[in-house]
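This report describes selected features of one protein chain, moving from strand pairing to helix packing and then to individual residues. The sequence and the structure are shown below.

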Amino acid sequence: MALTIGGPAPWFAAPTPSSSPFHLSSLGGRYVLLAFLPDPSPEANAAWAHVQAHRKLFDDVNLVAFGVLRHPAAIAAAKDQLPGVRWYLDHDGAISRLYGALDEAGVATPRWVLLDPTLRVLEVTPLDQAPALFVRLAMLGDADRHAGTPMNAPVLIVPRVFEPALCRRLIEEYDKQGGAISGVMREVGGMTVPVVDSFKKRRDAIIDDPELREALRVRIVRRLLPQIELAFQFKATRLERYIVACYDAEEGGYFRPHRDNISKATAHRQFAVSINLNSEEFEGGDLRFPEFGRRTYRPPTGGAVVFSCSLLHEATNVAKGRRYAFLPFLYDDASAKVREANEQYLVTTPAAVDE
């Protein structure tokens with residue numbers, strides 16, 4: 001895949017010294033500098049010295065740098081420098097080939113690749129042109145203004161999907177169950193595995209009462225799906241999961257930036273729905289879509305935010321109170337076949353707990 005200015009950067013996941021794997025797709029919302037370095041040499045040292053000389057630029061908020069290493073000795077010595085400076089460990093050269101820094105004959109072309117906050121290619125620069133590049137990096141400005149105009153996430157807000165009495169009933173159902181710790185879905189050895197770790201602080205309760213589930217389904221079909229079809233020309237026919245989630249300030253409730261359909265067993269998911277059940281009773285806990293700036297979104301009580309599962313999004317920390325929300329996924333008949341085919345890759349037992 002040839003890199004073109006303005007074109008999407010190829011996504012990949014690879015280990016870093018402090019995380020395995022680390023997904024490029026999670027870095028939206030900031031500028032990303034990738035340094036494809038040669039084997040240990042004065043050339044490599046001189047290039048990386050520019051990163052160290054401009055260390056304050058790399059803050060993880062506006063700009064982040066990743067050196068991409070292939071040489072075993074360099075990989076063994078690599079240590080991430082947080083915030084803002086990390087290493088991708090390209091053991092087999094796959095990332096370098098993906099970005100044109102290594103050809104099939106093994107000939108390397110060291111280079112800098114700069115991505116914009118939507119993970120599109122902004123610049124490809126030879127490694128020895130670092131002085132001019134770092135002048136431009138210092139002039140990038142706030143990532144939120146990279147488009148030259150305010151950006152809004154392509155989301156749909158639909159008020160009055162659930163009436164207040166139904167919202168309160170769902171909260172009561174959650175409180176009666178108490179909620180269970182909620183994990184995330186990760187690819188581990190080709191399988192989709194639920195993992196419980198510090199990436200997410202949330203508890204979920206499954207709604208299994210048939211009468212209540214039917215009441216929820218009817219309201220979604222009548223009040224929400226027509227608006228989704230109008231806005232996105234998407235006709236949802238399937239609903240995945242009836243859960244009430246709780247983000248509690250006492251636990252620092254949050255969900256770090258992620259996408260909802262990047263593993264095999266979640267690839268069928270097309271749209272996510274977030275229906276707040278008590279919007280007036282908590283502080284923080286809003287939705288943010290980093291690729292489209294730092295603006296946050298909060299539907300009113302009973303109202304929904306609907307967005308593509310491919311969008312990078314996060315639930316910000318709840319600072320006070322508890323946020324209760326109903327969180328289904330929507331898909332269609334074609335995606336139902338994808339889900340059925342990929343069920344073989346789903347592991348249902350949590351793989352790890354890291355508090």
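In this predicted model, Leu 34 of strand β3 stands opposite Phe 66 in β4. A second facing pair on these strands is Phe 36 with Val 68 in β4. The two strands, β3 and β4, pair in the parallel sense over six bridges. Leu 34 also stands opposite Val 113 in β6. Strand β3 (residues 31-36) and strand β6 (residues 111-115) run antiparallel and are joined by five bridges.

These pairings belong to an open sheet of five strands, ordered β5-β4-β3-β6-β7, in which the pairing is mixed. Its edge strands are β5 (85-89) and β7 (121-126), each of which pairs on one side only. From one strand to the next, the twist averages 20°.

Two helices pack on this sheet. Helix α1 touches β3, β4 (63-69), β5 and β6, and its direction makes about 145° with that of β5. Helix α4 (residues 130-138) touches β3, β6 and β7, and its direction makes about 155° with that of β7.

How many residues of β3 are buried? Six of the six are, so the strand is largely enclosed by the rest of the structure. Both of its faces are covered: Tyr 31, Leu 33 and Ala 35 lie on one side and Val 32, Leu 34 and Phe 36 on the other, and all are buried. Strand β4 is likewise largely enclosed by the rest of the structure, because seven of its seven residues are buried. Leu 63, Ala 65, Gly 67 and Leu 69 point one way from β4, whereas Val 64, Phe 66 and Val 68 point the other way.

Pro 42 belongs to helix α1 (residues 42-53). With a relative accessible area of 69%, Pro 42 lies above the 50% cut-off and is therefore exposed. Its C-alpha atom is separated by 15 Å from that of Gly 67, which is 25 residues away along the chain.

A further open sheet of five strands has the order β12-β16-β22-β19-β20, with antiparallel pairing. Strands β12 and β20 (296-297) stand at its edges with a single partner strand each, so one side of each is left without a neighbour in the sheet. Within this sheet, strand β19 (residues 287-288) and strand β22 (residues 313-315) pair in the antiparallel sense over two bridges. Leu 287 stands opposite Ala 315 in β22.

Two packed helices are described by the angle between their axes and the distance between the axes. The axes of helix α5 (residues 164-177) and helix α6 (residues 210-232) come within 12 Å and cross at roughly 140°. The two helices are therefore oblique to each other. In this arrangement, α5 passes α6 in a left-handed crossing. At the contact, Leu 166, Arg 169 and Leu 170 in α5 meet Leu 212, Leu 216 and Arg 219 in α6.

Asp 197 lies in the loop between β11 (191-195) and β12 (200-201). Is Asp 197 buried or exposed? Asp 197 counts as buried because its relative accessibility is 14%, which is under the 20% cut-off. Its side chain takes part in a polar contact of 2.7 Å with the side chain of Arg 186. The side chain of Asp 197 also reaches the backbone nitrogen of Phe 199, at 3.0 Å.

Backbone geometry is the last topic. Most residues other than glycine have a negative phi, and most peptide bonds are trans. Leu 82 and Pro 83 are joined by a cis peptide bond, with omega about 0°. Pro 83 lies in the loop between α2 (72-77) and β5. Arg 160 and Gln 233 each have a positive phi, as listed in the table.

| Residue | Phi | Location | Relative accessibility |
|---|---|---|---|
| Arg 160 | near 60° | loop between β8 (156-158) and α5 | 66%, exposed |
| Gln 233 | near 50° | loop between α6 and β14 (238-240) | 75%, exposed |

Technical notes: Residues are numbered from 1 along each chain as its sequence is written. This is a predicted model: local features need pLDDT of at least 70, side-chain atom pairs count only at pLDDT 80 or more; totals for chains, interfaces and linings use all residues. Side-chain values use heavy atoms; hydrogens and water are left out. Helices (H or I, at least four residues) and strands (E, at least two) are DSSP runs, numbered from the N terminus. Buried means under 20% relative accessible area, exposed over 50%, partly exposed in between (1.4 Å probe, protein chains only). Two strands pair if DSSP finds at least two bridges between them. Axes are lines fitted to C-alpha atoms, for helices over the stretch in contact, and angles run from 0 to 180 degrees between N-to-C directions. Contact means heavy atoms within 4.5 Å. A polar contact is a pair of N or O atoms within 3.5 Å; within protein, one must be able to donate a hydrogen and the other to accept it, and residues adjacent in sequence count only if both atoms are side-chain atoms. Angles under 35 degrees count as roughly parallel, over 145 as roughly antiparallel, 65 to 115 as roughly perpendicular and the rest as oblique. A crossing is left-handed if the near helix is turned anticlockwise from the far one by less than a right angle, and right-handed if clockwise.
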